[in-house]
Amino acid sequence: MVAACNAYEGTPLSETITNLSSIARKPAKFEGKTVQLDGHYLGWKHASCNFPKTFSSTQITRSDWVFSDGKRCCFVTGSAPQGLDPATASPVAVRLTAVVKQKNAKFYLEFVKVVVQN
Amino acid sequence: MKKRLLFLAGCYLAIWFFLTAPSYAQVAEWTFMVYIDADNNLEPFGITDLNEMEMVGSTADVNIVVQMDRAPGYDNSNGDWRTTRRFLVQQDNDDNTLSSPSLQDLGEVNMGDPATLTSFIQWAEMNYPANNYALVLWDHGGGWQKKKAGAGMGKKALVPYRDPGNAFKSLPFGGPSAGNPIRLTGVPSTKQFPKSLQQIQRNTTGRYDILKNVCSDETDGDILYNHEVSGAISSSGVHLSLIGFDACLMAMIENAFPLRNLGDVMVAAEETEPAPGWPYETILTELINTPSMTPADLGSTIVEKYGLYYDAAADPTTLAAIDLSLISNVAQALDEFADAITANGNLWDAVDQIRQQADKYYIPEHKDLWHVADLMPQISTDNNVVTAANDLKAAVSSCVIDYYSYSPDYDNSRGLAIYFPDATNYNAHYGEVSNGIDFMQQNGWDEFLISYFDGAQGNGEPGDPVIDYGKDIYEPNNNLALSYGPLKNDIYYLGYLIDDKDVDIFRLEIPAVSDISIGLEVPADFDLYLIQPDGIDYNVLASSEEYGTIVEEISGTIDPGVYYVAVTTYDNNVSQSNYTLYVNGIEPSGEPVVYNTALSYDFGDPGYYIWGTAMGDAAACLYQLPSVPAKLNKVYFNIQDLDAGGLGGDGTFYLFAADYYGSLLEDTIRQLTPPDTGWIYVDLSEENIFLFGDFLLSVMYDGFNTPGLGYDTTKSFGNNLFFSTDYEGGYDEDPGTYFIRAEIEYYVSGLSTGTPPEILEPDRVVAFPNPFGDNADLKYTMKRSGDVEIFITDMQGRTVTREVLRNQPSGLNTYRLIGKDLSPGIYLVQLTMDGTVYQKKLIHR
């Protein structure tokens, strides 16, 4: 017998789908939470980025890379997506899963995973 | 008047000397050079660090000299200059404003160019002589990865492959003349080239493109690679007392080993560095206060001050000072450690545990080397392995002068990392010795990794690297030197792009003016380029970059010459699928073509076959030529002494050719005196040896001194490595890179000697793969629509299948032969179309 239980199968979505502006408005609400964001991987090139004030100057290491959701940008630390070139990458559409963290009253994202979007 | 001119000239010289020469006439104790590549998003931190240096400033004993390149868009402070300037750092008390006068403004300079680094070192030595020189490379640092896309675009000269035998010179024709340009109807490329196509510009001397890197210049799209750093320092002629990397991830044995003769101490981090980098104020204050400190003292001071700074900040990081004079001892101990594990043969699960447990970093394939050795005795009781592990730990401990780590994750980190991936994440180019990293050339860690991958099967690890070259037998045809070819009419070349950084290059020789068509059948958005080197650079003559289509095509009239066809993609998501490349319309020439395979060998070229004989083991490369007799003129191959035990006196080398099925062509057998290592040339041009179609060139060895063939030292002639004792089907195969090069002369039309054999136009029918396992695709080209009969028999004449395919469309068609119901052996395929019978032999494994 095949049980009709599709509605209960699968892993429940543990990430909060949001955007950087929402995090920037109420960073405390998101701190420590895993979030999912759609946007672009910019690598180390972010001269034209619009960083929210609560995200600015939160580059933790020299290897941190930049994510843009189209309106805002922020640094992502902890690890790097395999196969994407931070030095010379053109923007790559990605779905980013990350944990919101805080340092010096400013927020950044800690890498969990990236899925390159078609 | 003359005296006045001399006086004025003397005044100018005096002013110039005053402005540019050091303020301190004496030889200083230290000249501390910092190469700040802030032409990227780290620009604000570059400004901060230079300000930190100014809090100390130069003294009579210590020159602090800086070359700094800035970027547009990241920091507009301090005048927002965006060029490259040189400074002798002067003391001030303002930690926000730069006050040191610029001694030179070099304009925009490519800091990723090794010549720029060499120039800076030489300038500093000439103007600020000292008893000790420290060089700090300040910027991003990277890990083992493919060469950065776009690196060197338009900046570097293309160097044609010329070793050995000046391959280009042997070609009978040159490029198109200025007055007789190429005429093609392909769409000229107007947009930026794909990243993968850019990289071939700089990567044309056979080097592979995974190198450790530092100093990313965003404006110039360039970066310094491992061999470029060592090359730049070597070219400067300046011995460095200390080489520092104020950059992430550079404390690796692969990075330290090439610097062993260029400096005394290396300072670098296994982990990423916090964005502010080194605390220059405290480091330089200590140096100014004690200018007599030794290189080791300075290394320890940097580590100590860095630790104090980041302990307070609670930032997880590492730093170590490494004695470069002892790095060879570490490499030797590592080899002995790997050899002991390999000799045991039953420790691959333990190796796997160690790989998973060892301290790792931002790039998780980087593992702490001391910790790797430390874990082994906890798992294995093999005395040889335990002794080797302890020796390796001791070697690392002696080599690391001082280290710092802050984080529970780095409790077992001792300052020196190594690339230690699992099979899934292994970069298949790591072990290629032609990548310019002499650690791999002189040590056996890459071979150990391969053994581990094979040995760890059943432990959740795949047995082979993730890159499946079986899908693309032409790989790694990633640059002009390694291009596959020459392409022939109506052959269907099945290729495979690993990702959007992969580029497949095929060589195209046009003997006479031709109306050619180059087609590419693709699963999605691939692109096709026709390119031609001009000795300095390369030009894109035509391209087809249709978006999302499944056929890309370039067609038109082309003049005689040597060209290259490049296949690539912008889109990483559409790679990892097979594509089909074909060319037609190449007109023959009445002149003989000298085909020098030095331009087309590699990774099996395109197959690689080894078969056992009574005489010993052999390696062979398959060559595919048009179906006309080809005169074998010269053969050359490279021998390496893998076990360093010498080659002479033990065995004999044999050179011979065989047909596609491994049948020996007896008149080609040559017995060769056991050679020294290096290139072995065999001149057969006076012996009128003719070969036909597909054939194999083989080098065989019947001794036990394990010489290696070619540059791939993971493969040897050792009887245990090559020879498969379950050989039954006429050959065995082993992936690897073998270098048996041949200079072969043939006439594209007409024959110079002998009687032409019957030609069945086999090129209109292609079988792939062949030999095959699960299935084989017969690809055939119909000039017009019609019926096709396929008749397959085994070698005893028994019918396997006979079927008529009705109303097949014109153009390329495919028939799939399923192998699972077939016994291993040779099968004869007869394909009848357009009133002609075409035959193919297929080998089923």
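This is a short walk through a two-chain structure, chain by chain and then feature by feature.

Hi everyone, thanks for coming. Before I start, please keep in mind that this is a predicted model.

Let me begin with chain A. Chain A has 118 residues, and 49% of them are buried. Its secondary structure consists of two helices and six strands. If you read along the sequence, the order is β-α-α-β-β-β-β-β. For chain A, take the contacts between residues at least 6 apart in sequence: 55% of those join residues at least 24 apart. The surface that chain A exposes is about 6,200 Å², with 50% supplied by carbon and sulfur atoms.

Now to chain B. Here we have 845 residues, of which 60% are buried. Chain B contains 15 helices and 40 strands. Looking again at contacts between residues at least 6 apart in sequence, 77% in chain B link residues at least 24 apart. The accessible surface of chain B is about 31,300 Å², and carbon and sulfur atoms account for 49% of that.

The rest of my time goes to chain B, and I'd like to start with helix 5. How many of the eleven residues of helix 5 of chain B are buried? Eight of them are, so this helix, residues 226-236, is largely enclosed by the rest of the structure. The buried residues are Asn226(B), His227(B), Glu228(B), Val229(B), Ser230(B), Ala232(B), Ile233(B) and Ser236(B). As for what they pack against, the partners in chain B include helix 3 (114-127), strand 5 (130-138) and strand 9 (240-246). Helix 6 (253-256) is also among those partners. Right after helix 5 of chain B comes Gly237(B), with a positive phi near 75 degrees.

Next, two helix pairs. In chain B, helix 2 (residues 43-54) and helix 7 (residues 280-289) have axes that come within 8 Å and cross at roughly 30 degrees. An angle under 35 degrees counts as roughly parallel, and therefore helix 2 and helix 7 of chain B are roughly parallel to each other. Helix 2 of chain B passes helix 7 of chain B in a right-handed crossing. On the helix 2 side, the contact is made by Asp49(B), Glu52(B) and Met53(B), and on the helix 7 side by Tyr280(B), Glu281(B) and Leu284(B). By class, the residues of this contact between helix 2 and helix 7 of chain B are three nonpolar, three charged and no polar.

The second pair is helix 11 (residues 369-379) and helix 12 (residues 383-399) of chain B, whose axes come within 8 Å and cross at roughly 155 degrees. Are helix 11 and helix 12 of chain B roughly parallel or antiparallel? Angles over 145 degrees count as roughly antiparallel, and so helix 11 and helix 12 of chain B are roughly antiparallel to each other. Helix 11 of chain B passes helix 12 of chain B in a left-handed crossing. From helix 11 of chain B, the residues in contact include Leu369(B), Trp370(B) and Met376(B), and from helix 12 of chain B they include Val385(B), Leu392(B) and Lys393(B). Sorted by class, the contact of helix 11 with helix 12 of chain B has ten nonpolar, two polar and two charged residues.

Let me finish with a few single residues. Lys305(B) is in helix 8 (residues 295-313) of chain B. Is Lys305(B) buried or exposed? It is buried, because its relative accessible area is 16% and the cut-off for buried is under 20%. Leaving aside residues up to four places away in sequence, Lys305(B) touches Pro279(B), Thr282(B), Ile283(B) and Glu286(B).

Ser325(B) is in the loop between strand 11 (317-323) and helix 9 (327-344) of chain B. Ser325(B) is exposed, with a relative accessible area of 53%. Its C-alpha atom is separated by 8.0 Å from that of Cys399(B), although the two residues are 74 residues apart along the chain.

Last, some backbone angles. Most residues other than glycine have a negative phi. Asp80(B), however, has a positive phi near 50 degrees. Asp80(B) is in the loop between strand 2 (62-70) and strand 3 (84-88) of chain B. Ser407(B), also not a glycine, has a positive phi of about 155 degrees. You will find Ser407(B) in the loop between strand 13 (400-406) and strand 14 (417-419) of chain B. With 14% relative accessibility, Ser407(B) counts as buried.

That's my tour, and I'm happy to take questions.

Definitions and conventions. Residues are numbered from 1 along each chain as its sequence is written. Chains are lettered from A and ligands numbered from 1 in the order in which they are written. This is a predicted model: local features need pLDDT of at least 70, side-chain atom pairs count only at pLDDT 80 or more; totals for chains, interfaces and linings use all residues. Side-chain values use heavy atoms; hydrogens and water are left out. Helices (H or I, at least four residues) and strands (E, at least two) are DSSP runs, numbered from the N terminus. Buried means under 20% relative accessible area, exposed over 50%, partly exposed in between (1.4 Å probe, protein chains only). Contact means heavy atoms within 4.5 Å. Accessible areas come from the Shrake-Rupley method with a 1.4 Å probe; for residues, only the protein chains shown count as cover. Axes are lines fitted to C-alpha atoms, for helices over the stretch in contact, and angles run from 0 to 180 degrees between N-to-C directions. Angles under 35 degrees count as roughly parallel, over 145 as roughly antiparallel, 65 to 115 as roughly perpendicular and the rest as oblique. A crossing is left-handed if the near helix is turned anticlockwise from the far one by less than a right angle, and right-handed if clockwise. Ala, Val, Leu, Ile, Met, Phe, Trp, Tyr, Cys and Pro count as nonpolar, Asp, Glu, Lys and Arg as charged, and the others, Gly among them, as polar.
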